[in-house]
Amino acid sequence: MTQDKTLIERRLAVHGGAPLSAEVMGIVRPKLPDLDSFIDRFHVGMERGQVTNNGPALVEFEQKLSAYCGAPAAVTNNGQSALMIMLRAAGIESGEVIVPSYTFSATPHAVRWVGAHPVFADMKNMVIDPADVERRITSRTVAILGVDVYGLACNYDALEGLGRKHGIKVLFDSAPSFGTRVGGQVVGARGDAQIFSFHATKAFNTMEGGAVVSRDPDLIARAKALRNFGQVRGADCDEPGINAKMMEISALIGIEQLKNFDEVVAHRFASTEIMRRELEPIPGLSLTPVPTGQLPVWLYFPVVVDPRAFGMNRDLLARALERENIHVRRYFELPCHHLSCYADQRHVSLPETERVAYNVVALPVYNDMKSDECKLIAQAIREIHEQAESVKQALE
Ligand code: T4K
């Protein structure tokens, strides 16, 4: 039996075989529109000399974005500035804001930058756990800032309910989830406001970019002033703002990206469903369930590894995959309560956050992913599991 098995087993790259993927599969494969689709309009802007400061492309992109999300939008130069502006425009300048620890550092940093204090809550099924949020609400709490980790929308209904019950703001850092649908509706108009990132690593890519979206027109008017130094009437400012204006070139790219973005979202979701089907039978892997009625854009596809059942920990799996030319990431390998700048909360109890953060691998998902690529990733993981003992020996 053993001999037969050896005969059919592919020689893994860690054992000196050829990598399963001939080409390097990076963690992202950014997709930008064809230059020809917007270069004429860019030339016109260049000739006029207007390349930023609320130019015609920005105005058009903002209108189209609002229509897509079903709520007014203020476009910015990146997701981090959108976050800071959203918090300020929602009146958050002090007090405590409850955030997940399992997120990119940008989330709690923005809270600190506006003068408030992040309080970390635990997670469930990849996103902030509303039950743990409620346990952490005190008289000092001014807002909840949920995060749509990996493009999976957090539990908007439950968090909005907590906001109403306790009289606090509910905001969403939806940096990775532009295009995700909940109940058939593209996200953007939930809570008091949401933000998005259009960074080059995101499914919706304007090179750098972001947006604040809210049903509250006053909040959006304030956000638009804040992104332009706070200016409201000519040079006059009601409050100090920053420079968070998007350049015309990014807005032109955004207009093009919007044209087929629903198809992109559906394709990314379908790609992850292929991976889910292929990975599900492999022992020791947990895949995040998608809540009923949600169509996530899935920025990456997270897989949580149980080292005992899988045969090795996620660090070794990541290294073995890299040898096969498949690059994965350990997002967010340092949960935010373990960052030095939040050392005051280092000992807070967040068991699910720690379990996921130290055992997860984020698999690549591309706008133009081929089904063969999805199967290849799953095949590599299955084979590494099947030869776990010798892979460990080769790597350790
Ligand atoms: N809130 C949340 C929850 C977020 O996740 C983020 C950002 C924000 C707020 C703030 O939004 P922005 O201000 O960024 O708009 C990335 C991104 O820089 C960051 O946008 C993202 N989240 C974060 C989770 O990840 P890195 O450190 O992973 O990027 P890097 O440079 O290692 O690149 C990753 C891969 O992408 C590499 O293999 C190279 C490739 N790549 C990268 C860039 C920049 C390209 O192929 N082309 C490129 O232009 O941070």
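A quick term before you click: a residue is buried if its relative accessible area is under 20%. Keep in mind that you're looking at a predicted model.

**Stop 1: helix α4.** Select residues 79-89 to bring up α4, a mostly covered helix with 9 of its 11 residues buried. The buried ones are G79, S81, A82, L83, M84, I85, M86, L87 and A89. Now add N78, which caps the N-terminal end of the helix: one of its side-chain oxygens is 3.0 Å from the backbone nitrogen of Q80. Past the other end, pick G91, which follows α4 and has a positive phi, near 85°.

**Stop 2: the ligand.** Show the ligand next; the space it takes is the largest pocket. There are 22 residues around it, with V28, G79, D173, S197 and Y331 the closest. You'll meet α4 again here, as it gives the largest share of the shell, 3 residues. Helix α5 (106-113) also supplies at least two.

Polar atoms to label:
- Q80: a backbone N or O atom sits 3.0 Å from a ligand oxygen.
- D173: a polar side-chain atom is 2.7 Å from a ligand nitrogen.
- S197: a polar side-chain atom is 2.7 Å from a ligand oxygen.

Of the 930 Å² of accessible area the ligand has on its own, the protein covers 68%.

**Stop 3: S177.** Jump to the loop between β7 (169-173) and β8 (181-182), where you'll find S177. Is S177 buried or exposed? Its relative accessibility is 0%, so it counts as buried. Turn on the side chains and look for the 2.7 Å polar contact between S177 and D148. Beyond its neighbours within four places in sequence, S177 is in contact with D148, G151, V187, F196 and V297.

Terms used. Residues numbered from 1 in each chain as written. Predicted model: local features only at pLDDT ≥ 70, side-chain atom pairs only at ≥ 80, totals over all residues. Heavy atoms only, no water. Buried < 20%, exposed > 50% of the residue type's maximum accessible area, 1.4 Å probe, protein only. Helix = DSSP H or I, 4+ residues; strand = E, 2+ residues; numbered from the N terminus. Polar contact = N/O pair within 3.5 Å; in protein donor to acceptor, adjacent residues only side chain to side chain. Contact = heavy atoms within 4.5 Å. Near = heavy atom within 4 Å. Areas by Shrake-Rupley, 256 points an atom, 1.4 Å probe, with all protein chains shown as cover. 1 Å grid on protein atoms, 1.4 Å probe; cavity = no way out; pocket = protein on both sides within 12 Å on 5 of 7 lines; lining within 4 Å. Sits in = over half its atoms within 2 Å of the grid points.
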